[in-house]
Amino acid sequence: MNLAHPSLKVVSCAFQFWLALRRLLPKQKCQAFSMQGAQKGPQIEKIYVINLDRAPSRWFNMQQELRRILDSSGEELLYLTDRHVAVDANAFLRDPPKDADIDPFYTLGDQLFVEPQPLVFPTKFELNTPIRMSRAEIAIARSHINVWRQVAASNHAYALILEDDIWFHNGFEKHLDLVWGEVIGECDKRGKFDVLYLSYIEAKHGAPKAFLSNNVFSPLRGLWHLSGYILSREGAEKLLQMLPCRGPVDLWINHQFEALDVRATKQSIVSQRRDVKSSNSYSILPALTTIGAINSEAASLFNIRPIEQPVFTFGPEGSGQSSLAMALCMLGYRCCSDLEGLPTHELELLLEGREDRVFDAYVNIGSLDSNIRGLQSLYPKAKFIFTTAKGIASVDTVASIAGEPNGANIAVLHAEEPNKWQVICEHLRCAPPTSSFPELMDLGQRPTPQGTIGEDQFPKCKNSKWDKSPWIVEPRKWWQGIHSVATEDEMVGDVELVRINDCFESLDTRRWLLRSDTFTDNLALFRPSNVVIKPRIGAVLFVRSEPLGVRDYSAASICSRDQYLFGKFEATIQASNVPGVVTGFFLHRNSPRQEIDIEIAGNRPDRLMVNVFYNPGSEGANFDYGYRGAPSYIDLGFDASKAIHRFTIEWSPCEILWRVDGHLVHRRVIWGPTPIPHLPMTLHVNSWPTRSTQLAGRINKRRLPGAAILGSIVIKANSVTSTFGLDADDMLHTKAELLHIGQLAR
């Protein structure tokens with residue numbers, strides 16, 4: 001598992017320049033390699049390079065590396081090499097199930113066996129909570145397993161297995177010859193080895209090991225990476241007998257060390273290139289974040305932008321237009337969809353052929369149905385997609401337009417198409433995401449009534465810096481979002497309307513969870529003991545200065561066991577006034593990450609921050625980008641730390657309303673500036689010290705312990721917990737704030 005930060009551009013360029021210069025040096029001979037039948041003793045007879053079909057540049061780079069080194073007979077190592085086609089995660093239509101080769105579920109306990117976290121001291125570990133491997137991790141594991149089968153079926157005693165993003169260190173041939181001599185000498189006494197690591201990164205706190213010679217050690221655990229290793233035929237057979245692989249392959253193999261004869265070079269002599277970004281997606285990161293093992297604070301933004309634009313899609317009701325709109329969002333398009341008409345100014349810009357429009361994709365817009373040929377004329381490079389329902393073409397226009405000169409810009413997406421990503425992405429010339437194609441109920445064309453609530457009806461509002469994202473519309477003087485009316489279909493589903501009125505005279509553990517984890521921007525660990533119930537007052541949420549290993553503070557958080565989809569959420573809160581401490585009341589989910597916030601900073605308890613994080617996709621989609629969201633600050637006109645006040649979030653499919661003491665203070669509509677979150681979320685109230693001095697000022701230890709008071713929570717919303725079937729501990733872990741390193745949770 002490579003958690004290294006991506007190389008900077010200047011480092012990448014310097015690295016490429018250095019490799020180019022190195023190719024001018026004389027080729028070096030390595031006696032450990034030999035063609036089969038030519039050797040005088042045990043040697044490495046075969047090399048396998050795992051390479052994706054869609055990554056030809058990596059295979060070219062590997063060929064360059066393999067030509068630099070000669071075997072014992074003077075032939076280039078490239079002549080010993082077979083390119084092994086890697087399994088492509090993008091080819092998975094859905095998350096692969098368990099089979100004889102791979103069990104996609106592993107646990108935090110499995111991770112901590114390989115890399116313990118001695119400084120982590122949460123109230124409890126959910127060590128057995130299942131973690132699902134990402135599709136990329138499954139694809140990598142399958143690729144290695146397939147190579148093992150080739151090695152086991154061959155008559156080669158030893159084979160070198162390489163991933164396609166490596167380079168050989170200077171002196172690789174000299175070091176490997178020394179290692180090979182020591183290993184083979186030891187083998188005369190102990191028999192053949194199974195695995196010899198040439199490339200690895202040790203666990204942060206070191207890998208327990210026993211040195212067998214000057215240049216070789218035997219690890220007990222704690223070696224990450226499986227990008228360069230020598231495998232014996234007997235070792236391949238053993239690994240295949242140990243399947244299924246449970247978790248990422250470099251983690252799983254550590255658990256097999258006891259049953260294998262594993263060796264490693266004293267230092268890594270093969271490394272991953274510094275000019276190539278890893279395409280892996282690490283499933284363990286959310287769990288490591290919640291226990292405080294990851295402590296990174298940096299923006300992590302969706303940086304893929306579509307090349308082919310604009311995109312227009314049309315189709316009959318029930319043909320999957322809403323699913324197609326979400327798919328385009330997942331590809332990085334700013335997509336306007338499912339409306340009777342566009343906002344007036346956006347429509348004018350579109351019909352004038354202007355490039356300063358808000359959107360670059362338009363799906364199921366009623367007012368455009370009669371303008372298909374006009375749009376073709378205005379935008380000759382535009383891409384059109386027509387959807388069908390029950391095998392019937394969406395419109396008769398498809399056949400006639402397809403025969404025109406720019407008919408190649410048209411694709412038809414059939415409802416029965418088994419691989420919709422392939423159809424769309426081939427048409428738009430882009431790579432599909434690793435998430436499943438979204439399957440959503442069609443919303444139809446929602447009414448867009450004229451007239452809006454004027455901004456002068458709200459208190460003064462100031463926008464802070466927003467994320468740069470395809471799912472956030474940058475501020476424009478004329479843009480106020482899209483005012484629409486929800487259709488009945490948007491409110492139906494497997495939901496149960498619930499009404500809750502809890503004054504916290506006691507803690508109802510059937511309804512609420514006390515968190516015992518953390519996230520990257522949190523200077524504290526949440527501890528259940530920091531939530532104190534006081535009759536006739538409510539729940540008191542303390543922040544304390546308390547050394548806990550990975551954190552120097554403790555904090556308090558209450559979250560709902562249920563997930564909710566739309567509704568009214570109200571809490572009476574007296575905020576903390578300690579600088580550096582944030583009092584929060586919000587709805588949140590991950591995969592994809594969506595969030596609706598109310599936050600009060602301890603250094604400015606006279607103002608409210610409201611925020612929305614939006615990521616596209618259906619349940620389970622791995623879209624969790626965003627650092628700042630789209631925050632706005634509202635002057636309250638009073639100090640929220642002096643007394644209890646009532647804060648309300650009203651969330652519906654077409655708008656979000658924020659109220660304070662019953663007064664409307666802020667409104668967000670569709671694309672104003674984000675889409676409205678559309679998936680179930682849990683409700684949270686917390687008090688915590690932030691790393692961000694911009695958010696709440698610098699933490700003032702002398703003012704601790706500090707407290708926020710939660711007087712009551714009133715909910716009238718749709719509960720959808722039964723849809724997901726998670727128990728309480730599983731739900732808690734699904735609320736991890738990150739999916740990859742460097743991504744700030746809040």
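Q: In this predicted model, which aspartate meets the side chain of arginine 246 in a salt bridge?
A: The closest N to O distance of the pair is 2.7 Å, and a salt bridge requires a separation within 4 Å. Arginine 246 lies in strand 16 (residues 245-246) and its partner in helix 3 (residues 108-114), so the pair ties together parts that are 136 residues apart in sequence. The partner is aspartate 110.

Q: Is aspartate 110 buried or exposed?
A: Buried means under 20% relative accessible area. Aspartate 110 has a relative accessible area of 13%, whereas arginine 246 has 35% and counts as partly exposed. Aspartate 110 is therefore buried.

Q: Which residues are joined into one network by salt bridges that share partners?
A: One salt bridge is formed by the side chains of glutamate 76 and arginine 67, at 3.9 Å from N to O. Glutamate 76 counts as buried at 15% relative accessibility, and arginine 67 as partly exposed at 32%. The network consists of Lys27, Arg67 and Glu76.

Q: What is the distance between the closest N and O atoms of lysine 98 and aspartate 103?
A: Lysine 98 is exposed, with a relative accessible area of 56%. Aspartate 103 is buried, with a relative accessible area of 13%. The two form a salt bridge, and their closest N and O atoms are apart by 4.0 Å.

Q: Which side chain of opposite charge is nearest to glutamate 173?
A: Glutamate 173 lies in helix 5 (residues 172-190) and touches Gln28, Lys29, Cys30 and Ile69, leaving aside residues up to four places away in sequence. Glutamate 173 is buried yet has no salt bridge. The nearest side chain of opposite charge is 5.0 Å away, and the cut-off for a salt bridge is within 4 Å. That side chain belongs to arginine 68.

Q: Which strands stand at the edges of the open sheet of 5 strands?
A: The order in this sheet is 20-21-19-22-23, with parallel pairing. The edge strands each have a single partner strand, so one side of each is left without a neighbour in the sheet. They are strand 20 (335-339) and strand 23 (410-413).

Q: Which helix packs on the sheet and touches strand 19, strand 20, strand 21, strand 22 and strand 23?
A: The sheet has a twist that averages 15° from one strand to the next. The packing helix spans residues 321-330, and its direction makes about 165° with that of strand 20. This is helix 9.

Q: Which residue is the bridge partner of valine 311 in strand 22?
A: Strand 19 (residues 311-314) and strand 22 (residues 383-387) pair in the parallel sense. Their pairing extends over 4 bridges. The partner of valine 311 is lysine 383.

Q: Within what arc do the buried residues of helix 13 fall, seen down its axis?
A: Helix 13 covers residues 420-428, and Lys420, Trp421, Ile424, Cys425, His427 and Leu428 are buried. These buried residues line one face of the helix, because seen down the axis they fall within a limited arc. What covers them includes strand 19, helix 9, strand 22 and strand 23. The arc is 160°.

Q: What percentage of the residues in the chain are buried?
A: The chain has 746 residues, with a secondary structure of 16 helices and 40 strands. Among contacts between residues at least 6 apart in sequence, 80% join residues at least 24 apart. Buried residues make up 58%.

Note on methods
Residues numbered from 1 in each chain as written. Predicted model: local features only at pLDDT ≥ 70, side-chain atom pairs only at ≥ 80, totals over all residues. Heavy atoms only, no water. Helix = DSSP H or I, 4+ residues; strand = E, 2+ residues; numbered from the N terminus. Buried < 20%, exposed > 50% of the residue type's maximum accessible area, 1.4 Å probe, protein only. Lys, Arg positive; Asp, Glu negative; His and termini not counted. Contact = heavy atoms within 4.5 Å. Pairing = 2+ DSSP bridges. Axes fitted to C-alpha atoms, helices over the stretch in contact; angles between N-to-C directions. Arc of directions from axis to C-beta.
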